[in-house]
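Colleague: I would like to learn how to read a few features in a model of this kind. Could we go through them one at a time?

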Amino acid sequence: MWSCAHGPRPRSRRSSGASRIAPVPRAFTIAHISDLHCGSPYFVPNLMDRAIIEVNDLEPDVVIVSGDLTTFGFRQEYVQARAYLDRIECPDMIVVPGNHDSRNVGYVHFEEQFGARQQVLRKDGVCMLAIDSSEPDLDHGVVGRSRYPWIRQEFALPARLRIFILHHHLLPIPGTGRERNVVHDAGDALEVLAASECRLVLSGHKHVPHAWRLEDLFVVNAGTVSTLRTRGKGRPCYNVVEVHDDRVDVHRAYPFHERDRILEFSLTTLDHRKWPGHDG
């Protein structure tokens, strides 16, 4: 786990006046951003600057960055990405590389700037397990059979919510054109996650946001937060996940613009509701 250089920002407290009202329990909040692509001609600094402001205003408990921080995996791109992420005021940050980050042996720069390429974070009953699904100089992804026992072991511990994080998507996403870059061992990986009672998968990669349910697993893909490399009528965006006592809400936020609710599900019954019109 990589912690932000600035450390945690104190939670704001508001006076309740003479009559005290019991505060509403605060949701456990995750900001999920992906596909910065520093170094790309399509990278828009204003979008990244604005997203940082909005994320800091959220005061999230965890920030998840699901890969493609860079375009070619060069050191200077990593330095730029690190400088941006250092401005996010958050107690905990999980960062994994994407396929672009592993180009040109870029994974060595990732480790230099961000540390381990797979990590586990447990916080407030939420278990977040993140892996590097990239392969050097290849666009496709892989979870890897050698990781299955580790995933089972980490997810075997008690948790109210188990979240799996990777760059590549485990399922083909509508609206992305010809699909060639899925995880090569997606079937086996999904079986492991289902058996481990993982409930949420967060990923990025194709710059097309999407959310759907597969059996007892909810899969949420993020778009690109800071580039204009979008497909169709898509816009740069990121996700906000709020974990309540028995409910998970997922919103899609657009830098400079509004935030839409896209998915809600129960942690006990798995009943869910998906809002139409926000799938890319």
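Modeller: Helices and strands here are DSSP runs, numbered from the N terminus; a helix has at least four residues and a strand at least two. Keep in mind throughout that this is a predicted model.

Colleague: Let us start with helix H5. Which residue just after H5 takes a positive phi?

Modeller: That residue is Glu197, with a phi of about 60 degrees.

Colleague: Within H5 itself, which residues are buried?

Modeller: The idea is to sort residues by relative accessible area: under 20% is buried, over 50% is exposed, and anything in between is partly exposed. In H5, which spans residues 186-195, the buried ones are Ala186, Ala189, Leu190, Val192 and Leu193. Their arc around the axis is only 160 degrees, so they lie on the same side of H5. On the other side of H5, the exposed residues are Gly187, Glu191 and Ala195.

Colleague: What covers the buried residues of H5?

Modeller: The cover includes one helix, H4 (148-155). It also includes the strands S8 (161-165), S9 (200-203), S10 (210-214) and S11 (217-221).

Colleague: Now the charged side chains. How many salt bridges does the structure hold?

Modeller: The general idea is that side chains of opposite charge can pair when their charged atoms come close. This structure holds 18 salt bridges. One of them joins Arg103 to Asp139, with 3.4 Å between the closest N and O atoms. The two residues are 36 apart, and their pair links distant parts of the chain. Arg103 sits in the loop between strand S3 (93-96) and helix H3 (107-114), while Asp139 belongs to strand S7 (residues 138-141).

Colleague: How does one judge whether such a pair is buried or exposed?

Modeller: Take each partner separately. Arg103 has a relative accessible area of 22%, so it is partly exposed. Asp139, at 34%, is partly exposed as well.

Colleague: Which residues are linked in a network of salt bridges?

Modeller: The network links Arg247, Asp249, Arg261 and Glu264. Within it, Arg247 and Asp249 form a salt bridge whose closest N and O atoms are 3.0 Å apart. Arg261 and Glu264 meet in another, at 3.1 Å from N to O. As for accessibility, Asp249 is buried at 1%, whereas Arg247 is partly exposed at 29%. Arg261, at 31%, counts as partly exposed, and so does Glu264, at 22%.

Colleague: You placed Asp139 in S7. With which strand does S7 pair, and in which sense?

Modeller: S7 pairs with strand S6 (residues 134-135) in the antiparallel sense, over 2 bridges. To read such a pairing, go bridge by bridge: Ser134 has Gly141 in S7 as its bridge partner. Then look at the connection. S6 and S7 form a hairpin with 2 residues between them. In the turn, Asp137 has a positive phi of about 65 degrees.

Colleague: One last residue, Lys274. Which backbone oxygen does the side chain of Lys274 reach?

Modeller: First locate the residue: Lys274 is in strand S15 (residues 272-274). Its relative accessibility is 32%, so Lys274 counts as partly exposed. The side chain of Lys274 reaches the backbone oxygen of Ala211 at 2.6 Å. Looking at C-alpha positions instead, Lys274 and Leu263 are separated by 4.6 Å, with their places 11 residues apart along the chain counted as the sequence separation.

Notes
Residues numbered from 1 in each chain as written. Predicted model: local features only at pLDDT ≥ 70, side-chain atom pairs only at ≥ 80, totals over all residues. Heavy atoms only, no water. Salt bridge = Lys/Arg side-chain N within 4 Å of Asp/Glu carboxyl O. Buried < 20%, exposed > 50% of the residue type's maximum accessible area, 1.4 Å probe, protein only. Arc of directions from axis to C-beta. Contact = heavy atoms within 4.5 Å. Polar contact = N/O pair within 3.5 Å; in protein donor to acceptor, adjacent residues only side chain to side chain. Pairing = 2+ DSSP bridges.
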